[in-house]
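Work through these exercises with the sequence and the model side by side. Try each task before you read its solution.

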Amino acid sequence: MSDTRMEQIVGVMLRTGVLLAAFVVFVGGVMYLHSAAHQPRDFTEFHSVPEALKSIPGVLHGTGVLDAQSIIQLGLLLLIATPIARVLFSVGAFALERDWLYVVLTFVVLGVLLFSLLQSS
């Protein structure tokens, strides 16, 4: 695979991931506004995100039952997953080119991404 082809695929992957994430957040936002349009809101106290939305299984379960907040969270997870997918693709592409130095460096980047993601949860 040539470097130009690899860059084209990465570009398409990043654009697709961002657009898909934006679409999912938009759909969830519309659903949330539709469901909350007639409910009185109290902004005197800050209410954090429900516990179910703080884990990936909770978000997936909520998305399965069409919970608007879960769909918004799913969109944000897709946005976070996009650069991780890009790094995973790069590992494979560099391995096909037998460029082992970049395979190792990309694995380091992947490790840092996953560590920071898992460390925060």
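**Exercise 1. Find the helix that holds T63, decide whether T63 is buried or exposed, and list its contacts beyond its sequence neighbours.**

Solution.
- Step 1. Locate the residue. T63 sits in helix α2. Keep in mind that this is a predicted model.
- Step 2. Apply the cut-off. Buried means under 20% relative accessible area. T63 has 18% relative accessibility, so T63 counts as buried.
- Step 3. Look for partners. Set aside the neighbours within four places in sequence; T63 then contacts S70, I71 and L74.
- Step 4. Check the partners. S70, I71 and L74 are among the buried residues of α3.

**Exercise 2. Describe helix α3: its length, its bend and its buried residues.**

Solution.
- Step 1. Count. Helix α3 covers residues 68-96, which makes 29 residues.
- Step 2. Compare the span. From first C-alpha to last, α3 reaches 41 Å. The expected value, at 1.5 Å a residue, is 42 Å, and the two are close.
- Step 3. Find the bend. At A81, α3 bends by about 30 degrees. A proline, P83, follows within four residues.
- Step 4. List the buried residues. They are A68, S70, I71, L74, G75, T82, I84, V87, S90, V91, A93 and F94.
- Step 5. Recall a rule for the spacing. An α-helix has 3.6 residues a turn, so residues three or four places apart point the same way. Try this rule on the list yourself.

**Exercise 3. Place L66 and R98, give the phi of each, and classify their exposure.**

Solution.
- Step 1. Place L66. This residue is in the loop between α2 (56-64) and α3.
- Step 2. Read its phi. L66 has a phi near 60 degrees, a positive value in a residue other than glycine.
- Step 3. Classify L66. Exposed means over 50%. L66 has a relative accessible area of 57%, so L66 is exposed.
- Step 4. Place R98. This residue lies in the loop between α3 and α4 (100-120), just after α3.
- Step 5. Read its phi. For R98, phi is also positive, near 60 degrees, and R98 is not a glycine.
- Step 6. Classify R98. Its relative accessible area is 64%, so R98 is exposed.

**Exercise 4. Which residues make the nonpolar surface patch, and how exposed is V27?**

Solution.
- Step 1. Name the members. F23, F26, V27 and V30 make a nonpolar surface patch of about 390 Å².
- Step 2. Place V27. This residue is in helix α1 (residues 3-36).
- Step 3. Classify V27. With a relative accessible area of 30%, V27 is partly exposed.

Conventions. Residues are numbered from 1 along each chain as its sequence is written. This is a predicted model: local features need pLDDT of at least 70, side-chain atom pairs count only at pLDDT 80 or more; totals for chains, interfaces and linings use all residues. Side-chain values use heavy atoms; hydrogens and water are left out. The expected span of a helix is 1.5 Å times one less than its number of residues. The bend at a residue is the angle between axes fitted to the seven residues ending there and the seven starting there. Buried means under 20% relative accessible area, exposed over 50%, partly exposed in between (1.4 Å probe, protein chains only). Contact means heavy atoms within 4.5 Å. Patches are made of residues with over 30% relative accessible area and no salt bridge: like charges are joined within 9 Å, nonpolar side chains (Val, Leu, Ile, Met, Phe, Trp, Tyr) within 5 Å. Accessible areas come from the Shrake-Rupley method with a 1.4 Å probe; for residues, only the protein chains shown count as cover. A salt bridge is a side-chain nitrogen of Lys or Arg within 4 Å of a carboxyl oxygen of Asp or Glu.
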